[in-house]
Structures are given as structure tokens and as C-alpha cells.
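Reader: I'd like a close look at one part of this protein, and I'm happy with a long answer. Could you pick a sheet, walk me through it, and then show me what else is worth seeing around the chain?

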Amino acid sequence: MPEPTKKEENEVLAPAPAPPPEEPNKEKEAGTAPVKEPNKEKEAGTAPAKEPNKEKEAGTAPAKEPNKEKEAGTSPGKDEEDASPPGGLPPGLGSRALERKDSEWSIGESPVGEEQDKQNANSQLSILFVEKPQGGTVKVGENITFIAKVKAEDLLRKPTVKWFKGKWMDLASKAGKHLQLKETFERHSRVYTFEMQIIKAKENYAGNYRCEVTYKDKFDSCSFDLEVLESTGTTPNIDIRSAFKRSGEGQDDAGELDFSGLLKRREVKPQEEQPEVDVWELLKNAKPSEYEKIAFQYGITDLRGMLRRLKRMRRVEKKSAAFARILDPAYQVDKGGRVRFVVELADPKLEVKWYKNGQEIRPSTKYIFEHKGCERIMFINNCVLTDDSEYYVTAGDEKCSTELFVREPPVMVTKQLEDTKAYCGERVELECEVSEDDANVKWFKNGEEIIPGPKSRYHIRVEGKKHILIIDGATKADSAEYSVMTTGGQSSAKLSVDLKPLKILTPLTDQTVNLGKEICLKCEVSENITGKWTKNGLPVQETDHVKIVHKGRIHKLVIANALVEDEGDYVFTPDDYSVTLPAKVHVVDPPKINLDGLDADNTVTVIAGNKLRLEIPISGEPPPKALWSRADKAIMEGSGRIRSENYPDSTTLVIDIAEKDDSGVYHINLKNEAGEAHASIKIKVVDIPDPPVAPNVTDVGDDWCIMTWDPPLYDGGSPILGYFIERKKKQSSRWMRLNFDLCKETIFEPKKMIEGVAYEVRIFAVNAVGISKPSMPSKPFVPLAVTSPPTLLTVDSVTDTTVTMKWRPPDQIGAAGLDGYVLEYCFEGTDDWIAANTELIEKTKFTITGLPTDSRIYVRVKAVNAAGASEPKYYSQPILVKEIIEAPKIRIPRHLKQTYIRRVGEAINLVIPFQGKPRPELIWTKDGAPIDKNQINIRNSETDTIVFIRKAERSHSGKYDLQVKVEKFVETASIDIRVIDRPGPPQLVKIEDVWGENVALSWTPPRDDGNTAITGYTIQKADKKSMEWFTVIEHYHRTSATITELVIGNEYYFRVFAENMCGLSEDATMTKESAVIAKDGKIYKNPVYEDFDFTEAPMFTQPLVNTYAVAGYNATLNCSVRGNPKPKITWMKNKVVIKDDPRYRMFSNQGVCTLEIRKPSPYDGGTYCCKAVNDLGTVEIECKLEVKGGLSFCRLLLQGVPPNIIDSYLRDLHSSNPEE
């Protein structure tokens, strides 16, 4: 039965499913593709079953192919017969496979070690596992289950879990009868549970297992051991086929040996040779239902892969059209030997090409080609390991392939390992020798392979045939059985690592340290080893407060500032030794009294009657004993009114009900074994002050008074802070507080009292303790106030011996009322005031008599009531007692400076003021003639004259003249009075023309216009049939009118009323003739009018006005213009046209022109001009805009304004505001 090709086997091992048999093209492609990893493919291509009987027949073909056997070779002594036929496995296949595994280990040794180190480091983190599988023991034939749990709270999907045996064997593909993998998910606890169950365990199942879990970038792993106990009296048989098994399809460890089973039992008895069975033949000839039985019986773990290869083998058996005989599935040759490949062509004319791993082979001394009839032969001389690969030959469109295995001689151990003893920390070297230089050697510790790496303490040194395992800084954990394995042998030895005897050179000593000082515990041992510090049985952790120092053989524990908590029993224990070094630390502190909470003079104030509990913090280690005393008398602990209470961290003085006699100095004494401390505290008992004496009211006003008092005799032991004042009405019992802020003085002014009501006041004294009782009330008092001074004191008249004064009453009189006035005077140059009236006068005018002529006097007046005289009101300057001539002066009211108009029947009352002294003479005339006093009443006084007419008539109209005369001085004035009435009717109304529906009327003004101008006319019409009058036109100003829209066929009369400011005339003038509106009217010809010329030069109807704007707020300039044709508007600033500037917006609507300045700054101030232009002319108008809140030069410069513009702006601003 031919073996499957190497490429086909690779396809079987690939993770993707194999192509179906119905696709021969894909099968050819798979057979011709180059091999990517020759070493692994060669291992994968090895037959899974051993055939020891056929191995003895090296160079012979299997029994089922006699023809091939004859063609393959003639005698076993020839080189070409060194290649073994493919039907059976050659002798030493296990060692050859082992050699290949060794070669692969040597190539991938470092990466595996690095990956293992990384996995070991990750496994210590345990970032995913919440429960790791633990190692276990099971007897042969029994079951065991390993459980791993993963928390899923932070995982979005299920993690990936893999189970491994050793370092590379993935157990996912081994699930079956003896191995089951199971996973569950608990929703409540959100935990994934993964189980691996081994059923009917065998001895070769023992070894190290590993569970790996991955989720995105997270990784965690855990290793555990399985120990399988053998049955008593049985000798285990090591099956090389159980070691040579696949760990999964297409993985890197496919076909690698599992040495863990071999290392468990190194002393293996030689097995009895049994007839070798061809598993391929069994599978080929067996029924599909018997496949699993055969696989279990012969240790086949990759049954599915073998079945895929079996299908391909069956497809390959098709007869080839190009080849009469194809290459054997596999060839084997020793290193340095010669191999012969033979194919037989069906057509000798076909061209044959040989390939190795897809590369065409050219003839050379190494590759020799021969043609013998239809046979095509290729020899490969002096085979080396690089020749171990896939070969195929092509003939036309067909090809056939084979695989060549190059075997190396096994490496033997020539010098065995020796048992070694060492001490911890020493360098250990385990040495052995092998049969070949630079051979591939594996080191093991207790059956686990040692993988050296940059972070490992294990190093391997190779010196030719000598291999040395070096362990730096050996520890007790390195005590184990170490073994070395080659392809042809192994050796083992035991390493025992013990501790060196430890001597204590400097022990720890007990220490007594003051609080805050440094504690230094120091010891020295004979070895440079680590150790642990404990305090009172608990481990000591290094912090900022506690420092642990290890320098060589010296160990220190340093505490910078000793605390009370640092006291205790300290022990230093060297690692891996049972020796302990103890020491006791005692922290002491002299007693201290903390008085920080008291005043600078250590004074404590307590209110009389209250309980005092004075707690003083103290410190000291051990806690000190406190003793209180006063005046050499100790205050004992107990239940008295004054007692002491002591605690470890404080001492307390208690006074239940404080009395005045408790004031004094109290002493504290502290004492412990570290020293003594003393302090004194002054206790002061205070109380509220005594009430003050009754206050005195010294002065009274209209709503206020002035009160004074003396401080209380006893202030209560605390200074008086101030006083509260209360008042009440005498008839009331309700006191009202007058001040809410303490009055610091002993004088106070109550205000806002009611005049005429009797009041009483009292005082409260206040200190730091509280408020005293009230004082006795003061004597009752009534607030009364004099009036305010009289007002407007003026001189009424002066003669040669008298002065007449007048004044106005006071503004404020008060509740006491006003009894009268006192007028006083004094002569200039003296201070003697003389009362002008002996009795109070009620009038506000008084004449001082008996004064000498040409004297000067000062005058004052006082208002008097029950409270007394008010403040005097003085005349501002001295008065000359001499009559003075004052020129007359007429003061015509403003409304009389124009014509005074009144209607007939209305009253006329004219008041004309005048001045002049002595009393002037008045003369009235009308139109130059004296006034008839029977018709017009004239009344004169000292200051004015009155003209009164009860019912005005038109005859009263005229010019009235007033003459005021004082001695030789004369003043005149004129007043025009016009009395008006309704006008008379128009004189004549006549019909000028009648045409169509229109009548033209004309009339003459009335003879009597009512003494005023005619303001209009009212025209009425009446149909001759009804003679009912209807108003046609009102307030018409002309004396001719055209009446339109008359009814054709009717006959009309018309009348006209005259109208002035008094109304319509009483009568109207009617036309003598009537106007007949004929049916056949005349043909009306429209008048011809010339076209009106609407063109007009531009003209501003509303000018621009000077405007003030606020910086940052929009401003607008408005004006209105008219013109025809429509003028073009142009805005200018400082004679510069404003154009395409985004800061300005211009509008023009119905002749209204607007310029909007957006958020102006002082830079925008200046002269703005609006210019209107059309064909008939040009007109301009200007205004000034000033922007308030300007910017400085630097601010404008920062905003990007050019300096020359800023200078111009500042000059304009200065010229527009020169006063600034």
C-alpha cells in the first residue's frame, strides 16, 4: 500500500477542511506546491505504526509489490539499495524522529524559552482566573477532573481557553473517549467554568499540564501536575508511538515527541518483539465502523487526519497516462549515503524534469540522471540533512512525488552526570560529555525541560563535546534531580543545596528611647542573606516612618521619630533559618502640660452660678500622675464641689457652682518616671453688674431730650461694655428700647418723641457676663419745642421817623402753638436790642415809630410760644430811616402788551401793577380823552390799578393810556382794547352764470365786519319747490364760488352768510333771481391747460443735525431730500467719499437718506456730508459726529489703525474740544 505524499499529508494537518475527492485539479495543485517547512513535514510524513519485521528487510519492497521489489535493487551491498522501500518503517525510526525533533529544538530553542518566560510571568498576574486548576493524583484506570473559572464582569464576549500537555501539545484535538472538555456559564455570578476530564487514566498521561486563557490583549495561564499511580506488581511498557503523536492539525508541534512520559521511567526493561502491524492496511481493509477501535488499539490520536490521507491514497491509485510506474511514496537514506529514484514512462518520448521543493534539479556531480529504455533514474550522492525534502518528477502534464528522509546517527552520552552537593548562593556546574561535538542536548529538572533565557538563572555552556549546566546563586529550590538527554542516550544526577551554618555576630539589644528620638535596631550575621522584621508578631512594612536597611551581613531597622505606637517586641528572622534575634523597645516621654487653649496669662473666666469643667491636655509616657492645688491646699479626687479628675491624656478641674470666692490661682503638678512638669492657672468668677442710679434729664426739645447717668457701683468683676436705654410714656407700662448697639458713654439723646406727652427713661448696664437689672426711672418730662424762625422779613415802607416791617409766619410751629411775635431793633454800631412792641402781636406787620431821621437800624423778629422764643429772623442789612423817592414804573402784564380782545357782553378786568414812592398819582385816558367813570370803573391802590367793565360794548374799544407820576418822574403805558361782535350779512349776492349742472355766484363783503376780520363765508341752496336750505360750502374765503352737481330741471335760490371769529352773521343775503338748471344744457368745453413742469433741482427738506454717539453702539445720520429727476446720493466723511466700507450702511427710502455707522469708535468722529446731484444742480449738507468714550493712541495702534490716521484723528478731536 503506497504511502501518501508529503504535501497531501500537510493538507491533512492543515486547519482548513480537505478538498473533496471530486476535485482532481486541486489535488494536483496540492501535490505540486513547494514545501514550506521541510523538517516539520518530514516528521508529519512518518508512518504512525511500527513494523519491526519489515525493518529487518531493508532494501526490499513490501510483499504486495513484487515487481517493484525486483526493480528496486539487486544486492544489499550497493549504495542505491540504502534507500528503504516505502511499505515499512526502517530500523531506528524512533531515534531518527528523535534526531529530527532535536534538530527542531535547536532551531526554535530561544523563542520557545522566551515565550515560556513570558507565559510564566503572565501567569503570576492572574488577571483573568478567579479559580485555577490544581494538580492531582489518580490511579491507572480512574477518572480525574480539572476546573478553571474566569470572571466575565468586564468581558464583552467569551474568552478563549486552551488546555496543553507539556509545553506544546494542544489537547483540543485529543477530545474523545479518554479526554473530554466542557464549559458552562453561570448568569447570576457571571463566571465561566471550564472543565477537563481525563477518563480511565493511563501511566503515560502523567506530566505537567497548562491552561491558558486569552481575551483581546489580556493573557493568563496556570500550570499543574498530574501524577498517575501504577498498579502494584506491573512493569510499565513505554510505547514509542504514544510519544510520537500529533498535538493538532497543522500546528508547529505536529509530530513532535512527548518526552515527559519517557522521563518518568528511565529504567525501561526491553520489550519483547511483537510482529509489526501495518495500520494503513488495517484501515484500508476495515469497515468504517471499526476505525475508532483500531485507532484506540494502536494509539492513533489523529484518526481524522489519517482518514483524509486514506481518501487521497485511494484517489492516487488511478492509473497514470504518462507514467507506467511512479515514484515510491518515501525513501530513506543514511547521512552521507546515496539514493536512487526511478520512474517508468508509458511513452519514452516524453520529456522528464526533476524538482526539489519546487526548484528544478540540474545535472551535477551530486545529481546524476540516467535513461534506460522507459526508465528515468536520478541518483543523489553524498546525502546531507538539507537533502531531506520533497521531490517530484514531471512528464508532460502529469507528475508524481515522493519524500526523502535523511537519517543521522544517534548521539550518545560518554560521560555521565555526577551527584553534587552545594550551599545556598554558590555557583553550581553540572557537566557531561557526548559522542559528537556541538550536539543537540536537552537538560531536565525533575522531568521538566530547562529552558535557559536572559532572565533565567540557568545557563548552558557548550565546549566541544562537553556540556555544562550552570546555576547562579543556588537556592534550596534548586535541589532536584537533573538529567540530560540526547538522541541516543540520557544521564541523570541529584543536586542537593543546603544552607550554610549561620552565626550571629551582633545581636539586637533592648532600647529605651525618648519620644521623637531615633530608634535604630542593628544586628549582624555571618551570611549575606535576607530576612524579615516583625513587631509583636506582625510583619513590619517599610514606610516613610520606618526604614529597613540591608547592607551585606548587616540588617538595620531605623525609625526616625519615635512614637508611642513604636513601642513593642521586635524580632529579626533570617530567611530559610530558624534563628530569631529579639529586642524590646520602650518609648518614654517626660510629662508636658498643654495650655495652648488658654489666654496669654492662663486666665479662665467663669460666670457665677455656672459649672466649670476645665480640661487640660497632658502628655507623657508612661502616663503621668496629676495633682491640683490652691494656696498650698491639695484638691483631691472625689465628689466635692471643687474636685479633680485624672485621665491618661488629660486632667480636669471641676467646680460645680462657681462662687465669687472661687477666684484665684490653681496649680497643676505632673510626675512620671521621665520627669516632672508644673503650671499655674488663674480662675476668675464674674457676674452681671449692679443697676445704675436713676438718670437725669438735663435738656428737652420738641422730640428729644438730653439724659446723663453715673456708672454702677459694682461692675460684676468684668469691665462695663456699655448701656441700654429704654423709655415709656408716663401713663403706659410698656418700655421701649432706644438703642440696639451699646452706648459706650454716660450721656444719651433720645429722639422721635411726641411733643406734649410726658415720658420716663431708665438705664441697663452691660458687661461680658450679661445685662444688669434696670435703674430707677427718671423724673417725668414733656418734650416741647419753640417754633422755627419767622420767614421773609422785609421792609414794607420807610419814612423820616418810622420803619414798617412785614414777615411771614414760621414754617414749623409745633404742638405748643404760636402766641405772637416780638420785633426788635438796634442802632448801627451797638448791640443793644430794643423791643419795638411791649406786648406780643399776632399780625405779621409792624411799624417802628419814634426813630431819628437819617439813623440806621438793624431789625429782627422772633416767634414766641409756651416753649419760649424762637431763633430770631434778621434783616440782612441796616435800614436808613429816611423817606426815599422811587421813580415810577409800570409793569404791563404780557397778555396786555398785545391787543386785548373781548366779545360783546363779556366782562373786562385788567390789573396793572406799578411801583413808585411816595405813592404816585395815576391818570387814565381813552383815545386821548378822560375816561367816563360812569361806564368804566377805575380802582387804584399803592401797588396796582384796576380797570373793570361789567359788560363790554363795541363802544368800549379803543386805546387806553395810563400815566403814573411821582413828583417830577412820569411813567406812561398804553393798552389796546377791542370789543368784537358777529358780522353783518354780505351786501349783494348775484348769479353770474348757469351752465349744465353748475351755477357761478359772486357777492360783496358785508358793511359791518363785527370789528374784526371776516374769516369766511357759508353758502346754502334751496329748491324753489320746497325752499329748504342746505349748506353747500362752509368756511369759504373768496367772494365768488361755483356750485356744482345740481339736479337738472330744478330751480334754485342761493344765500350767503358772513363769518368772523365770533361766528356766522345773524342774517344771510339771498339771490334775487333763481337759477334754472335746464335739461338741454350748453355744451361744456374743457379748458386747455399747459403741461406742468415737475422738474426740480435737488433740495434738502430736512437737514443733518450734529450728533453725539457712544463708542460701541450703532449711530445713524438722517436727512430728507427732494428733486426731479431723482438725485444721486453720495456720503462723505471729512471730504472723502465713503465707498465699499463694511462699517457703513447707506439707505434711501422715499427721499429719506440714512447713513448707519456700525459700532463707531472715536476714530469715526468727524464731519459727514450728504451730497445730492441731478441734472438741474447739486446740493450738499454737513453735520458733525462726535463719538464719546474714545480709545487711546496705543489702543488704536493695537487695532491696526495706521499712525498717520491716528494723529489726524487726535488733532481733530482736540480742535473740536479745545476746553478739554
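Author: Let's start with one pair of residues: Trp628 stands opposite Ile635 in S40. Keep in mind that this is a predicted model. The strands involved here are S39, residues 625-630, and S40, and they run antiparallel to each other, paired over 3 bridges.

Zoom out a little and you see that S39 and S40 belong to an open sheet of 5 strands, in the order S37-S44-S43-S39-S40, with mixed pairing. The edges are strand S37 (603-607) and strand S40 (633-635); each has a single partner strand, so one side of each is left without a neighbour in the sheet. On average, neighbouring strands in this sheet are turned by 35 degrees against each other, ignoring direction.

Now for the charges. By the rule used here, the model has 41 salt bridges. One of them joins the side chains of Arg643 and Glu645, at 3.9 Å from N to O. Arg643 and Glu645 are both buried. Another salt bridge brings Lys728 and Glu760 together at 3.5 Å, N to O. Lys728 sits in strand S47 (residues 720-729) and Glu760 in strand S50 (residues 759-767), so this pair ties together parts that are 32 residues apart in sequence. Lys728 and Glu760 are buried too. As for Arg643 and Glu645, they also belong to a network in which salt bridges with shared partners join them to Lys611, Arg613 and Asp656.

Elsewhere, Arg427 and Asp472 form a salt bridge at 3.2 Å, N to O. This one links distant parts of the chain, 45 residues apart: Arg427 is in the loop between strand S20 (420-423) and strand S21 (428-434), while Asp472 is in the loop between strand S25 (466-471) and strand S26 (480-485). Asp472 counts as partly exposed because its relative accessibility is 28%.

Last stop, the nonpolar cores. The largest has 30 residues, and the members that touch the most others are Phe146, Val150, Trp163, Met196, Ile198, Tyr209 and Leu226. Strands S3 (144-151), S4 (160-165), S7 (191-198), S8 (207-215) and S9 (218-229) each give two or more residues to this core. Take Tyr209 as a way in: beyond its neighbours within four places in sequence, its contacts include Phe164, Leu171, Met196, Ile198, Cys222, Phe224 and Leu226. There is also a second, separate core of 23 residues, with Leu595, Ala626, Ile683 and Val685 among them.

Note on methods. Residues numbered from 1 in each chain as written. Predicted model: local features only at pLDDT ≥ 70, side-chain atom pairs only at ≥ 80, totals over all residues. Heavy atoms only, no water. Core = buried A, V, L, I, M, F, W, Y, C linked by side-chain atoms within 4.5 Å. Buried < 20%, exposed > 50% of the residue type's maximum accessible area, 1.4 Å probe, protein only. Helix = DSSP H or I, 4+ residues; strand = E, 2+ residues; numbered from the N terminus. Contact = heavy atoms within 4.5 Å. Salt bridge = Lys/Arg side-chain N within 4 Å of Asp/Glu carboxyl O. Pairing = 2+ DSSP bridges. Axes fitted to C-alpha atoms, helices over the stretch in contact; angles between N-to-C directions.
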